[in-house]
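Welcome! Below are some short exercises, each followed by a worked solution. Have a look at the model first, then work through them in order.

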Amino acid sequence: FTTVPKYVSQNSKLNLNIHRDESNFFEWHRIVLQGMACGSVVITDECLEHPLYKNGKHFLTESVRHIPDMIQWLLNTEDGYKKLEDIQRNCFYILSDETIIKSKKNDICKFMEEV
């Protein structure tokens with residue numbers, strides 16, 4: 001977790017995850033630390049499901065061509081801004097609740113085995 005990405009995430013409302021190829025792996029090890037934990041809301045193109053973080057609750061998923069529309073909605077409408085706040089609150093809750101973290105370790109391991 002380097003200084004520059006951390007600084008950018010701490011000073012950004014949004015963190016984009018756009019895949020460079022057909023691999024739809026959501027880089028959780030990076031995105032969680034550099035985005036969610038810093039209070040930045042993650043927007044990604046389609047990705048594999050995750051046992052702990054859920055689309056619409058902890059991050060947002062959209063097709064690449066519609067991401068600009070989503071950004072406009074999030075930043076320029078009352079409903080969009082409320083969605084940003086809800087996602088930030090959900091992320092802070094899940095990242096700080098030790099009971100949830102412990103209960104999901106087995107789910108994450110099982111998920112990795114299946115993939």
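**Exercise 1. Place Lys 82 and Asp 86 in the secondary structure, and find how far apart they are along the chain.**

Solution. Start with the element: Lys 82 and Asp 86 both belong to helix 4, which covers residues 78–96. Next, count along the chain: they are 4 residues apart, about one turn of the helix. A general rule helps here: an α-helix has 3.6 residues a turn, so residues three or four places apart point the same way. Keep in mind that this is a predicted model.

**Exercise 2. Find the salt bridges and work out how they are connected.**

Solution. Step one is the total: searching the whole structure gives 2 salt bridges. Step two is the pair from the previous exercise: Lys 82 bridges to Asp 86, with the closest N and O atoms 3.1 Å apart. This fits the cut-off, which asks for a nitrogen within 4 Å of a carboxyl oxygen. Step three brings in Arg 89, whose side chain meets that of Asp 86 in a salt bridge at 2.4 Å, N to O. Arg 89 and Asp 86 also both lie in helix 4, 3 residues apart, about one turn of the helix. Finally, put the pieces together: through shared partners, Lys 82, Asp 86 and Arg 89 form one network.

**Exercise 3. Decide whether Lys 82 counts as buried, partly exposed or exposed.**

Solution. The relative accessibility of Lys 82 is 48%. Buried means under 20% and exposed means over 50%, with partly exposed in between. Lys 82 therefore counts as partly exposed.

**Exercise 4. Describe the length of helix 4 and its two sides.**

Solution. Begin with length: helix 4 has 19 residues and reaches 27 Å from its first C-alpha to its last, close to the 27 Å expected. Then list its buried residues: Gly 80, Leu 84, Asp 86, Ile 87, Cys 91 and Ile 94. Viewed down the axis of helix 4, these fall within an arc of 165°, so they line one face of the helix. On the face turned away from that buried side sit the exposed residues Glu 78, Arg 89 and Ser 96.

**Exercise 5. Set helix 4 in the context of the whole protein.**

Solution. Count the elements: the protein has 5 helices and 3 strands. From the N terminus, their order is α-β-α-β-β-α-α-α. Of its 115 residues, 36% are buried. Last, check confidence: the mean pLDDT is 83, and 89% of the residues reach 70 or more. Among the elements, helix 3 (residues 67–76) has the highest mean pLDDT, 96, and helix 2 (residues 28–34) the lowest, 70.

Note on methods. Residues numbered from 1 in each chain as written. Predicted model: local features only at pLDDT ≥ 70, side-chain atom pairs only at ≥ 80, totals over all residues. Heavy atoms only, no water. Buried < 20%, exposed > 50% of the residue type's maximum accessible area, 1.4 Å probe, protein only. pLDDT = per-residue confidence, 0-100. Expected span 1.5 Å × (residues − 1). Arc of directions from axis to C-beta.
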